[in-house]
Amino acid sequence: MSWILLTLGVAFGSAIVPLINAEVFLLGLCASQPGLHWLWLGAAVAVGQIAGKTLYYLAARGTIKLPKPLHDRLHRERPMTPRRVRWQLRTKRIRGWVERLRERCHRHPHWMAGTYGVSSLVGLPPFMATSVLAGLVRMRLATFLTTGLAGRWIRFSLIAASPAMFAGWLHH
């Protein structure tokens, strides 16, 4: 039970801080603790990840207010330095693509659910980005939770089962 709780905590942390890699942790845990059931580990990671991403979803939706220092930093007016001008020019195409995607998601809410579901399963488009986008377009919380949990559970259950599958293939 303690491994499941640790996995849940690492998954939550990886959802908040993208530098923590839940996949690598899960593979290492499964390789070192082969007695743990892959379905339970997949469920623990899914719950932890969705709990963390729900904070991003709620912040994008405006339900959670950001702390004042963070809010001020994100929304302050900054002078246009030459470096910022170059950055604006480099990212113009990507920002246009994101804006078009956001508009499509507003017009077609079911399309957003599909995009978010695919992202939760395969990680493309990036799951953090689709979690924020789901909040921006006001996807229903129930849809956000069920779609995300299902995709993440399948993804991480397969990852947790992979060390045992590869070990079996290597011995035959």
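The expected span of a helix is 1.5 Å times one less than its number of residues. In this predicted model, helix α1 (residues 2-16) makes an easy test case. With 15 residues, α1 should span 21 Å, and its end C-alpha atoms do sit 21 Å apart, so the two values agree.

What does α1 pack against? Its buried residues are Ile 4, Thr 7, Val 10, Ala 11, Gly 13, Ser 14 and Ala 15, and these pack against α2 (22-32), α3 (38-61) and α7 (127-136). One of those partners, α7, has buried residues of its own, namely Phe 127, Thr 130, Ser 131, Leu 133, Ala 134 and Gly 135. Just past the end of α7, Arg 138 takes up a positive phi of about 65 degrees.

Moving on to the pairing of α5 (residues 82-107) with α6 (residues 109-122), the two axes come within 5 Å and cross at roughly 120 degrees. Angles of 65 to 115 degrees count as roughly perpendicular and those over 145 as roughly antiparallel, and α5 and α6 are therefore oblique to each other. On the α5 side, the contact is made by Leu 101, Arg 104, Cys 105, His 106 and Arg 107, which meet Pro 109, Trp 111 and Met 112 of α6. Sorted by character, the residues of this contact come out as five nonpolar, one polar and two charged.

Further along α6 comes Ser 119. Is Ser 119 buried or exposed? Its relative accessibility is 0%, so Ser 119 counts as buried. Setting aside neighbours within four places in sequence, Ser 119 is in contact with Leu 124, Pro 125, Pro 126, Phe 127, Thr 130 and Arg 152. Two of these contacts, Phe 127 and Thr 130, are among the buried residues of α7.

Leu 27, in helix α2, is another residue to look at. At 37% relative accessibility, Leu 27 counts as partly exposed, because the buried class is for values under 20% and the exposed class for those over 50%. Not counting residues up to four places away in sequence, Leu 27 touches Ile 159, Ser 162 and Pro 163. Arg 90, by contrast, lies 63 residues from Leu 27 along the chain, and the C-alpha atoms of the two are separated by 37 Å.

As for the chain as a whole, the domain assignment gives domain 1 (1-64) and domain 2 (130-171). How far apart are the C-alpha centres of the two domains? They lie 10 Å apart, and the contact takes 22 residues from domain 1 and 23 residues from domain 2.

How values were computed:
Residues numbered from 1 in each chain as written. Predicted model: local features only at pLDDT ≥ 70, side-chain atom pairs only at ≥ 80, totals over all residues. Heavy atoms only, no water. Axes fitted to C-alpha atoms, helices over the stretch in contact; angles between N-to-C directions. Helix = DSSP H or I, 4+ residues; strand = E, 2+ residues; numbered from the N terminus. Parallel < 35°, antiparallel > 145°, perpendicular 65-115°, else oblique. Contact = heavy atoms within 4.5 Å. Nonpolar A, V, L, I, M, F, W, Y, C, P; charged D, E, K, R; others polar. Buried < 20%, exposed > 50% of the residue type's maximum accessible area, 1.4 Å probe, protein only. Domains from an automatic or database assignment.
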